[in-house]
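Please read the following points with the structure open beside you, and check each of them against the atoms as you go. They are written for someone meeting such a description for the first time.

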Amino acid sequence: MSTEQAFLPFALPEIGEEEIAEVVNTLKSGWVTTGPKAKQFEAAFAAFLTQNAEDSQLECIAVNSATAGLHLALEALGIGPGDEVITTTHTFTATAEVVRYLGADVVLVDIDPATLNIDVAAIEAAITPRTKAIVPVHYAGLAVDMLAVLDIARKHGLRVVEDAAHALPTTLEKELIGTLGSDATVFSFYANKTMTTGEGGMLVTRHAELAKRAKVMRLHGMNRDAFDRFTAKVPSWYYEIVAPGFKYNLTDIAAALGLHQLKRLPAFQLRREQIAAAYDAAFADLPLILPPQAPEGDTHSWHLYVLRLADDCAVERDVFIERMYAKGIGCSVHYIPLHLHPYWRDRYGLTPEQFPHSQKAYERMLSIPLYTAMTDADVQRVIAAVREIALS
Ligand SMILES: *Cc1c(COP(=O)(O)O)cnc(C)c1O
């Protein structure tokens, strides 16, 4: 037997027999695109967010990615040319690109170095007469101070769409992200997220008008609702196109995965918390800045476990990651901030000096593996590697 250990990837999904059986069942059912499973998944997701409590206004709209969901939410809110949308530079480009799809402009702001989330004071400083919306990102799975964000939004008459791609399940003052008072919240079921449908997302809102528009735009701008009053009389083949919509619907094959991933989410969450706690304990004495914790009583989804090398850490970040790879452990960086990417940098003339906290965090950060498919031995292996490199 070789002593060489297999490569431990940065992320892996955990797909069980129930998911596989449900997908097979879907394939055999004759209905493979959006249909009963997608509807069932939307209902199950709403029940999860509301903890089965009465909240008849909360609508969950399944889409084929979080990017699609963010686009639909902002479109439904009427964001367009001449408008500005404020978000964090320390995110994935999907958060911001959807604003450009609509011809509006992105205003990037810096993060709070304590939380790595958008700096709330910087939001307020960035507001202009053209500002229409704020898109906070619950980075790594730690909730943004939404009470402050919603306060600013109310004061300035702005819309709020939460990018909750990392935040399932995350709470703020014991309320799940997705149930707060923003206009819409969007979750991602991409392969490396806390639950997956391969590709997929969920747009969650309590705005009936937003929901109606998003459902129409999700599927080519097709509308049958105009005829709901006469349901019995509308032939099944009839529809009207009311706008040049998109192709953003979630397939039943993907929803089949989602139904069972969602059932397993509480167990997934416990495992993620366990691994994060093991890392916290093992790294406490190292020249590393550990990830910020959720306030007592709140849930951090632990989508990512992000270490930052302290100023007295002798190893450079790039070298740290190279050495982790040399030990057969995949790592990543979340994120190369948007202000460094050519498109965003050049379009808005951005410089690192405008985002000192994001820039410094970026230069010193790495994300280490944290996922439910890791064994205890995998976790110990990551711990040993990080300790050895950080102390070298
Ligand atoms: C993954 C991710 C997205 C996009 O999600 P998709 O489902 O892949 O479109 C958006 N924002 C953030 C912060 C993400 O991490």
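1. Some ground rules come first. A residue is called buried when its relative accessible area is under 20%, exposed when it is over 50%, and partly exposed in between, with a 1.4 Å probe and protein chains only. This is a predicted model, in which local features need pLDDT of at least 70 and side-chain atom pairs count only at pLDDT 80 or more, while totals for chains, interfaces and linings use all residues. Residues are numbered from 1 along each chain as its sequence is written, and side-chain values use heavy atoms, with hydrogens and water left out.

2. Is Lys193 buried or exposed? Lys193 counts as buried, because its relative accessibility is 15%. Lys193 lies in the loop between strand S8 (184-188) and strand S9 (201-205), where helices (H or I, at least four residues) and strands (E, at least two) are DSSP runs numbered from the N terminus. The UniProt record, an unreviewed entry, places the feature "modified residue: N6-(pyridoxal phosphate)lysine" at Lys193; positions from UniProt are given in the numbering used here, feature names are shortened, and annotations may be inferred rather than shown by experiment.

3. Which residues does Lys193 touch, leaving aside its neighbours within four places in sequence? With contact meaning heavy atoms within 4.5 Å, Lys193 is in contact with Ala165, His166, Ser188, Arg272 and His303.

4. The strands on either side of that loop also belong to a sheet. In this open sheet, 7 strands follow the order S1-S9-S8-S5-S4-S2-S3, and the pairing is mixed; two strands pair if DSSP finds at least two bridges between them. Strand S1 (59-63) and strand S3 (105-109) are the edge strands, each pairing on one side only. From one strand to the next, the twist averages 25°. Within the sheet, S4 and S5 run parallel and are joined by 2 bridges, and Ile134 stands opposite Val160 in S5.

5. Two helices lie across strands of the sheet. Helix H2 (residues 36-50) lies across S1, S8 and S9, running at about 135° to S1, whereas helix H3 (residues 66-76) lies across S1, S4, S5, S8 and S9, running at about 165° to S8. For these angles, axes are lines fitted to C-alpha atoms, for helices over the stretch in contact, and the angles run from 0 to 180 degrees between N-to-C directions.

6. Helix H6 (residues 146-156) shows how burial can be arranged along a helix, since Met146, Val149, Leu150, Ile152 and Ala153 are buried there. Seen down the axis of H6, these buried residues fall within an arc of 160°, so they line one face of the helix; the arc is that of the directions from the helix axis to the C-beta atoms. The exposed residues Arg154 and Lys155 are carried on the face turned away from the buried side of H6. The buried residues of H6 pack against helix H5 (120-126), strand S4 (131-135), strand S5 (159-163) and strand S6 (171-172). After H6 comes Gly157, whose phi is positive, near 65°.

7. Strand S6 contains Thr171, which counts as buried because its relative accessibility is 10%. The side chain of Thr171 makes a polar contact of 2.5 Å with the side chain of Asp298, a polar contact being a pair of N or O atoms within 3.5 Å, of which, within protein, one must be able to donate a hydrogen and the other to accept it, and residues adjacent in sequence count only if both atoms are side-chain atoms. The Thr171 side chain also reaches the backbone nitrogen of Thr299 at 2.8 Å.

8. Several backbone details deserve a careful look. The peptide bond from Leu168 to Pro169 is cis, with omega near -5°, and Pro169 is found in the loop between S5 and S6. Another cis peptide bond joins His334 and Tyr335, with omega about 5°. Although they are not glycines, Ala140 has a positive phi of about 70° and Lys174 has a positive phi of about 70°. Ala140 counts as buried because its relative accessibility is 7%, whereas Lys174 counts as exposed because its relative accessibility is 62%.
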